[in-house]
Amino acid sequence: MANGDEDMATTELMGTEGLKVLAVDDDPVCLQTLTQMLRRGGYEVTASASPADALKEVEKNPDGIDFIMTVARTRGRGMDGFGLVKRVGKRYPVVLMFSGDETMETRERGLQEGACYLMDKPLRDMQIYFIWQQVVRWRRKAAGAATENPNPRHSQGVHLDDMPRKRGQGLNDSNKGKGASEGGLQLGTTKKKKVEWTTEMHELFVNAVTQLKTTGGFDSGLPLFHR
């Protein structure tokens with residue numbers, strides 16, 4: 001993306017108005033509080049009661065989310081906030097929320113999994129409001145990475161299944177059965193490069209054949225190769 005286009009894209013995000021956030025917390029009271037705070041800050045909120053439900057929401061409405069806020073640890077079994085970051089952190093900026101008593105190793109894990117920002121509960125309205133700055137920063141970084149690595153298969157740590165889809169395509173969509181004319185990727189089928197027969201190669205071939213005939217290692221009754 002050109003610098004001018006990038007600046008225009010991020011200028012449109014200056015502030016919270018119109019930014020859509022998927023808020024995730026398995027504690028109903030905490031989720032309600034978070035939703036109210038985000039709405040007071042000007043965000044459009046979709047609330048989800050678990051990371052697993054949030055993943056379904058992402059698959060159902062991939063274009064209706066600008067960023068995600070999720071608790072890092074959940075009370076029940078199954079996917080937690082770390083798992084959600086691992087699944088969608090390359091497509092969306094994800095803010096991880098901690099209870100405040102986690103170890104440094106736990107926090108570092110969140111960043112390693114792909115979280116764009118870490119926050120401690122209890123949250124404050126001013127902190128909530130300025131999350132839009134983290135969204136802008138993440139988008140600029142993602143745009144820069146895309147410019148440096150235009151081929152998604154060569155991008156650091158990025159898999160084809162993690163790249164943003166076109167409108168209407170979910171996380172589990174695939175291009176199975178599609179040919180190149182339909183936009184599908186046929187991995188593992190490499191077209192062989194045609195070898196050009198040069199004058200030097202022909203001379204080497206003729207010399208080798210002549211040497212074989214001289215030493216008796218070649219059947220002179222067979223026709224010679226012709227260009």
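The following conversation walks through a predicted model, taking its sheet and several of its helices in turn.

Visitor: In what order do the strands of the open sheet lie?

Guide: Strands of a sheet pair through backbone hydrogen bonds, either parallel or antiparallel. In this predicted model, the open sheet has 5 strands and its pairing is parallel. Read across the sheet, the order of the strands is E2-E1-E3-E4-E5.

Visitor: Which are the edge strands?

Guide: An edge strand of this sheet is one that pairs on one side only. That description fits the strand covering residues 44–48 and the strand covering residues 117–120, so the edge strands, by the pairing rule of at least two bridges, are E2 and E5.

Visitor: How many bridges join strand E1 to E2?

Guide: Strand E1 takes in residues 20–24, and it runs parallel to E2. One place where the two strands face each other is at Lys 20, which stands opposite Glu 44 in E2. The number of bridges joining E1 to E2 is 5.

Visitor: What angle does the direction of helix H2 make with that of E2?

Guide: Helix H2, which is formed by residues 28–40, packs on the sheet and touches E1, E2, strand E3 and strand E4. Its direction, compared with that of E2, makes an angle of about 170°.

Visitor: Is H3 roughly parallel or roughly antiparallel to H4?

Guide: Two packed helices are described by the angle between their axes and the distance between the axes. Helix H3, residues 51–60, packs against H4 with the axes 9 Å apart and at an angle of about 20°. Because angles under 35 degrees count as roughly parallel, the arrangement of H3 and H4 is roughly parallel.

Visitor: Which residues of H4 make the contact with H3?

Guide: H3 passes H4 in a right-handed crossing, and H4 itself, residues 81–88, also lies across E1, E3 and E4. On the H3 side the contact is made by Pro 51, Ala 54, Leu 55 and Val 58. On the H4 side the residues are Gly 81, Leu 84, Arg 87 and Val 88.

Visitor: Is Leu 55 buried or exposed?

Guide: Leu 55 lies in helix H3, and its C-alpha atom is separated by 9.9 Å from that of Val 85, which is 30 residues away along the chain. The relative accessible area of Leu 55 is 7%. Since a residue with under 20% counts as buried, Leu 55 is buried.

Visitor: How far does helix H7 reach from its first C-alpha to its last?

Guide: Helix H7 covers residues 131–148, which gives it 18 residues, and among its buried residues are Trp 132 and Trp 138. At 1.5 Å a residue the expected reach is 26 Å, and the model comes close to this, with a reach of 26 Å.

Methods:
Residues are numbered from 1 along each chain as its sequence is written. This is a predicted model: local features need pLDDT of at least 70, side-chain atom pairs count only at pLDDT 80 or more; totals for chains, interfaces and linings use all residues. Side-chain values use heavy atoms; hydrogens and water are left out. Helices (H or I, at least four residues) and strands (E, at least two) are DSSP runs, numbered from the N terminus. The expected span of a helix is 1.5 Å times one less than its number of residues. Buried means under 20% relative accessible area, exposed over 50%, partly exposed in between (1.4 Å probe, protein chains only). Contact means heavy atoms within 4.5 Å. Axes are lines fitted to C-alpha atoms, for helices over the stretch in contact, and angles run from 0 to 180 degrees between N-to-C directions. Angles under 35 degrees count as roughly parallel, over 145 as roughly antiparallel, 65 to 115 as roughly perpendicular and the rest as oblique. A crossing is left-handed if the near helix is turned anticlockwise from the far one by less than a right angle, and right-handed if clockwise.
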